[in-house]
Amino acid sequence: MSIENILEKTYYKQAVSKMKICVTTKDNVPEAETNPHFGRCVYFMFIDTDSMQHEFMKNPYAAGSQGAGVRAAQYIADQGADVLICGNPGPDAVSVMETGGIRIVKYPEMKAMEAVQKFLGTNDL
């Protein structure tokens, strides 16, 4: 099932509010596995639930030294993320995201599309 089908089915089924979801991924395709390492993930998949479009952005801090999580948190905040789906971000990154009003949803590794479907289907906040 494509990401568009998942979002469309859930969107009409549950009156999902407008939001931008960010998922940490290992590759730049919706079928990619989620990446449990927030600050060091390779890609961020951003999904706009209003338009049901998705885009991938390479994490510019994946190979950086200390502070990758904090910088990545600021980066996704700057991109307008409302929700982050990932494994386990560090405490400093969590602090930045909480300050920015980003909800954090922790899931084990799975396909990025499955994580979005799980979140939208259960509204697991």
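In this predicted model, Thr34 lies in the loop that links strand S1 (20-25) to strand S2 (43-48). Despite the loop setting, Thr34 counts as buried, with a relative accessibility of 6%. Beyond its neighbours within four places in sequence, Thr34 is in contact with a run of residues from Val23 to Lys26, namely Val23, Thr24, Thr25 and Lys26. Further along the chain, Thr34 also meets Pro108, Glu109, Met110, Lys111, Ala112 and Ala115. Two of these partners, Met110 and Ala115, reappear below as members of a nonpolar core.

Attention turns next to the helices. The axes of H2 (residues 68-78) and H3 (residues 91-99) come within 8 Å of each other and cross at roughly 20°. Because angles under 35 degrees count as roughly parallel, H2 is described as roughly parallel to H3. The crossing of the two helices is right-handed. On the H2 side, the contact is made by Gly69, Val70, Ala73, Gln74 and Ile76, and on the H3 side by Asp92, Ala93, Val96 and Met97. Sorted by character, these residues comprise 6 nonpolar, 2 polar and 1 charged.

Two of the contact residues, Ile76 and Met97, also belong to the largest nonpolar core, which has 16 residues. Ile76 and Met97 are listed there among the residues with the most contacts inside the core, together with Cys22, Phe38, Phe44, Phe46 and Leu84. At least two residues of this core come from each of S2, H2, S4 and H3, and H2 gives the most, with 4 residues. In soluble globular proteins, nonpolar side chains tend to be buried together.

Leu84 offers a good view of this core from strand S4 (residues 83-86). Its relative accessible area is 0%, so Leu84 is buried. With residues up to four places away in sequence set aside, Leu84 touches Cys22, Thr24, Phe38, Ile76 and Met97, as well as Ile102, Arg103, Ile104 and Val105. The C-alpha atom of Leu84 is separated by 8.3 Å from that of Lys106, a residue 22 places away along the chain.

Phe44 gives another view of the core. Not counting residues up to four places away in sequence, Phe44 touches Cys22, Val23, Thr24, Thr25 and Phe38, then Glu55, Phe56, Met57 and Asn59, and finally Ala72, Tyr75 and Ile76. Cys22, Thr24, Phe38 and Ile76 are thus partners of Phe44 and of Leu84. A second, separate core of 15 residues includes Met19, Val83, Met110 and Ala115, and the last two of these are in contact with Thr34.

Definitions and conventions
Residues are numbered from 1 along each chain as its sequence is written. This is a predicted model: local features need pLDDT of at least 70, side-chain atom pairs count only at pLDDT 80 or more; totals for chains, interfaces and linings use all residues. Side-chain values use heavy atoms; hydrogens and water are left out. Axes are lines fitted to C-alpha atoms, for helices over the stretch in contact, and angles run from 0 to 180 degrees between N-to-C directions. Angles under 35 degrees count as roughly parallel, over 145 as roughly antiparallel, 65 to 115 as roughly perpendicular and the rest as oblique. A crossing is left-handed if the near helix is turned anticlockwise from the far one by less than a right angle, and right-handed if clockwise. Contact means heavy atoms within 4.5 Å. Ala, Val, Leu, Ile, Met, Phe, Trp, Tyr, Cys and Pro count as nonpolar, Asp, Glu, Lys and Arg as charged, and the others, Gly among them, as polar. Buried means under 20% relative accessible area, exposed over 50%, partly exposed in between (1.4 Å probe, protein chains only). A nonpolar core is a set of buried Ala, Val, Leu, Ile, Met, Phe, Trp, Tyr and Cys residues joined through side-chain atoms within 4.5 Å.
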